[in-house]
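Work through the exercises below with the model open. Each task is followed by a solution in steps.

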Amino acid sequence: MKSYPSITNKKTIVILKKIQVYSLPILLIVALALFTSLSPFFFTATNLTNIAINSVDLALVAAGLTLIILMGGIDVSTGFAVGLTAWFVGTLLNNDLDPYLVLLIALLIGSFIGVINGSLTIFFGIPSIVATLGMAAIFQTLLFIFWDSTDLFSDPVLPFLSGSGTLLGIPTLIWLTIVIYSSLHLILSKTKFGRNIYAIGSNLEAARLIGIKIEKTRIVVSVILGCMVGLAGCTYLGRVGVVQAYSGNELTLLAIASVVVGGTSILGGEGSILRTLGGVAFIMVLNNGIVISGVPSIWNGLVIGSIILFAVSLNGLVVILERKRL
Amino acid sequence: MNFILTSRNIKKSFGSTHALRDVSLNISKSERIAILGANGAGKSTLMKVFSGVVQADSGSMELNQQFYNPKTPYEAISQGVSTVYQEPFFFPHLSVLENLLLGKRMPSKKGLLNSKDLIYKASELISKVALDSKILNKKMGSLSLAEQQLILIARAVEQNTTLLILDEPTSILTGTESERLFNIVNKLASSGTSVCYITHRFDELEKVANRFIVMRDGEISGDINEANRDKILDMMGTKESFDILNTSNSKLNSKKPSNKDGARILSISNLTSNEKFEDITFDVKLGQVVGIYGLIGSGRTEIAKSIFGELPINTGTIKYKEKLFNPKSGKNSIKNGITYLPEDRKTQGIFQFLSIRKNISISILSIISSFGVIKSYSEKKMSQDAVIKYSIKTNDIENIITSLSGGNQQKTLFSRLLTSKPDLLILDEPTRGIDVKTKFEIHDKILEIAADNTAILLITSELPELLYLSDEVHILRQGKIVSSYSKQDLNEKNILSSATGI
């Protein structure tokens with residue numbers, strides 16, 4: 001008779017969950033410490049402000065994407081959608097349209113994209129990953145056609161949507177991020193609409209049977225993401241000043257990375273938008289630090305990809321172990 | 001003595017809960033064992049240790065005198081321990097044929113599958129559970145829960161099984177299907193397989209077992225060879241429910257008088273849905289419990305879902321509150337005061353990632369919020385009240401719903417439905433897979449709700465439940481109402497003979 005060793009899944013789960021919660025702040029601190037030691041230019045007020053300003057497009061897209069992912073969906077078209085919106089915004093500005101009108105049009109373009117993405121999943125039953133993949137290909141082609149081998153240069157839409165605007169000594173783009181994240185956080189945690197998002201992501205069938213308006217919620221969430229995309233198109237143009245054939249495309253992957261590194265479950269139902277902001281900070285610190293410490297930026301993708309896989313594996317592992325426990 | 005399975009000093013904890021404290025159990029060849037106990041007594045955990053779903057923290061096992069420590073269900077199955085779970089596990093997108101034969105040695109000629117042989121083999125399998133071979137080409141997901149369960153049993157028993165574990169296989173089956181199952185189980189046992197059978201149904205004890213193991217608080221509290229219900233209940237430690245059960249037979253007849261005077265709230269006339277049910281006519285009054293009983297495939301769940309607006313209706317009319325009612329969607333029905341408790345708690349009921357509080361309040365968010373903002377004080381208070389009112393066992397409403405036992409999850413779903421104060425409540429298998437004590441608590445709640453002038457449409461495959469709760473029962477056979485009984489004519493024999501057509 002042999003006694004077998006104790007295998008305690010529960011301890012593993014507790015540890016993994018702790019890793020899930022604490023890995024982001026720890027990784028962020030490690031990254032900050034590492035880059036500070038590698039370069040004297042990294043941990044300076046100027047550079048950190050720079051990181052914050054350069055984060056704004058990503059932060060906006062990732063905020064909207066968090067809602068989609070919480071609801072159990074995904075969007076892989078955000079990057080090219082930002083580029084396309086930026087192109088429209090620049091073109092309209094160069095035609096001397098009123099800047100406020102341009103801002104409004106940018107939001108409308110974004111909302112329109114949101115309605116299409118949402119409708120494809122709701123009314124045609126296309127899984128959101130496939131629907132948005134198709135849309136991404138369309139946006140990419142459209143941007144390429146409009147760009148027509150000519151880079152489009154433009155001034156910012158409005159001063160507050162550029163890197164140089166400040167309010168109370170703080171860049172307006174940082175204010176914008178703060179306002180968006182606090183409002184969405186309140187919506188998610190305090191409103192019926194927010195609760196419904198979590199419910200749909202947690203159990204779609206149960207949500208339907210207790211009468212939650214699933215179609216409506218999905219469309220509204222898609223439109224919110226669309227507005228974030230439209231706004232990001234404006235801030236992108238305001239920061240960079242030029243639209244090219246591939247403008248914005250890196251945002252697709254980075255936004256998904258920010259959300260999952262933040263600890264929101266890729267399967268939906270669990271997570272928080274404030275943690276997404278942490279994810280954005282981490283990824284932008286990484287981006288900036290790699291460049292500033294003289295590592296060829298070609299390594300960036302490798303690092304970001306590995307980190308996404310790390311975060312998603314952690315999430316998957318907890319799910320697997322919890323399933324075993326039940 | 002040669003035991004096919006010996007287990008010594010098995011211990012297992014989940015968090016701070018000791019699911020198994022110190023269990024030793026030996027099983028002989030051909031033994032039929034019923035495993036009894038209240039929810040949380042450790043029955044399922046013990047079976048999961050046997051079948052490799054979870055691993056014990058300490059202790060040892062031997063199967064056929066060989067060291068046995070399955071790390072996965074696959075290891076257990078390949079060594080001869082097969083399990084049919086309470087919640088059916090299968091591949092919904094594959095056909096019944098494919099579900100039956102997956103992972104088995106296929107009949108083949110020169111490496112090619114021969115569909116004729118496959119179908120022959122599969123027909124043979126499902127004839128063991130008395131299902132028709134026409135079902136083979138259907139998608140598994142399109143079958144009813146009970147048909148699925150029977151297919152899974154057919155699948156499990158075919159494997160070369162030393163020990164067959166059945167986790168409440170009859171909790172979703174009706175009378176005839178259960179009988180069919182008992183026959184299969186007994187045949188298997190006589191051919192040398194040992195059977196462990198978890199059950200909450202006291203009416204079937206003699207039919208399934210010749211040894212009765214009772215568990216309480218993670219320990220074996222009794223091991224007897226006769227189905228002595230008094231003793232068993234005593235060992236289960238649920239004195240309280242024993243009293244209820246003991247009196248339930250007399251209670252069945254003497255229960256509260258049938259409510260005949262309530263206002264008519266629902267009136268169904270000639271309701272027909274293609275190939276599901278036809279010409280269904282009945283009324284439900286306020287304060288009344290109307291039971292719908294029928295075998296698998298008789299259309300009972302479909303009728304409920306059609307009234308709720310989840311399935312289409314072809315002809316016939318529904319009058320609700322004396323007005324013509326067109327159930328467009330569940331959403332619309334809820335708005336009109338009709339709520340529905342679905343039959344499958346896990347996939348249709350709970351929000352598994354949300355807390356108990358959020359699971360309770362989700363149905364009444366519009367009532368406790370102003371301009372879309374949830375009033376957190378009201379939400380906490382109403383959830384707290386619900387936890388007390390429905391005696392949901394938890395020390396914190398912020399705990400995640402899956403930390404509760406099945407029975408308490410079901411009570412949570414009840415409180416969710418009832419906080420919205422419906423006029424008509426449709427209950428589909430309200431106590432499926434729930435321990436005796438919680439079952440009685442829920443029965444009392446149902447009667448209380450009815451007495452509070454709510455109309456209740458009850459679909460259940462448990463006869464005692466049907467008899468105890470209903471003021472009126474309609475028996476379905478092949479989609480038609482074959483007979484209806486009012487309270488005083490209700491008895492087990494009438495119902496079964498109408499339902500089976502014997």
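pLDDT is the predictor's confidence in each residue, on a scale from 0 to 100. The model is predicted, and the exercises begin with that confidence.

**Exercise 1. Find which elements of chain B have the lowest and the highest mean pLDDT, and set them against the chain as a whole.**

Step 1. Chain B has a mean pLDDT of 80, and 86% of its residues reach 70 or more.
Step 2. Among the elements of chain B, the lowest mean, 45, belongs to helix 9 (residues 239-254) of chain B, and the highest, 91, to strand 22 (residues 455-459) of chain B.
Step 3. Over residues 238-254 of chain B, pLDDT stays under 50, and the model has 18 contacts beyond four places in sequence for that stretch.
Step 4. For the complex, the predictor gives an ipTM of 0.78 and a pTM of 0.72.

**Exercise 2. Describe the make-up of chain B and the side of chain B that touches chain A.**

Step 1. Chain B contains 18 helices and 24 strands. Of its 502 residues, 48% are buried.
Step 2. Take the contacts in chain B between residues at least 6 apart in sequence: 69% of them join residues at least 24 apart.
Step 3. The contact between the chains takes 28 residues from chain A and 31 residues from chain B. At least two residues each come from strand 4 (58-63), helix 11 (330-335), helix 12 (345-349) and strand 20 (373-374) of chain B.
Step 4. Sorted by class, this side of chain B has 14 nonpolar, 14 polar and three charged residues.

**Exercise 3. Describe how helix 7 of chain A meets helix 12 of chain A.**

Step 1. Two packed helices are described by the angle between their axes and the distance between the axes.
Step 2. The axes of helix 7 (residues 172-190) of chain A and helix 12 (residues 273-292) of chain A cross at roughly 145° and come within 9 Å.
Step 3. Helix 7 of chain A contributes Tyr181(A), Leu184(A), His185(A) and Leu188(A), while helix 12 of chain A contributes Ile273(A), Leu274(A) and Leu277(A).
Step 4. Six of these residues are nonpolar, one is polar and none is charged.

**Exercise 4. Check the length of helix 11 of chain A and decide whether this helix is mostly covered or uncovered.**

Step 1. Helix 11 (residues 250-261) of chain A has twelve residues and should span 16 Å at 1.5 Å a residue; its end C-alpha atoms are 16 Å apart, so the two values agree.
Step 2. Ten of the twelve residues are buried, and helix 11 of chain A is mostly covered. Among the buried residues are Leu251(A) and Ala255(A).
Step 3. Leu251(A) and Ala255(A) are also in contact with Val61(A). Val61(A) is one of the residues that touch the most other members of the largest nonpolar core, which has 155 residues.
Step 4. After helix 11 of chain A comes Gly263(A), with a positive phi near 100°.

**Exercise 5. Locate Leu168(A) and Asp279(B), and state how exposed each one is.**

Step 1. Most residues other than glycine have a negative phi. Phi is positive, near 55°, for Leu168(A) and likewise near 55° for Asp279(B).
Step 2. Leu168(A) sits in the loop between strand 2 (166-167) and strand 3 (170-171) of chain A, whereas Asp279(B) belongs to strand 14 (residues 277-285) of chain B.
Step 3. Leu168(A) counts as exposed because it has 6 C-beta neighbours inside 10 Å. Asp279(B), with 13 such neighbours, counts as partly exposed.

Technical notes: Residues numbered from 1 in each chain as written. Chains lettered and ligands numbered in written order. Predicted model: local features only at pLDDT ≥ 70, side-chain atom pairs only at ≥ 80, totals over all residues. Contact = placed C-beta atoms within 7 Å. Helix = DSSP H or I, 4+ residues; strand = E, 2+ residues; numbered from the N terminus. Nonpolar A, V, L, I, M, F, W, Y, C, P; charged D, E, K, R; others polar. Buried ≥ 20, exposed ≤ 12 C-beta atoms within 10 Å, placed from the backbone. Axes fitted to C-alpha atoms, helices over the stretch in contact; angles between N-to-C directions. Core = buried A, V, L, I, M, F, W, Y, C linked by C-beta atoms within 7 Å. Expected span 1.5 Å × (residues − 1).
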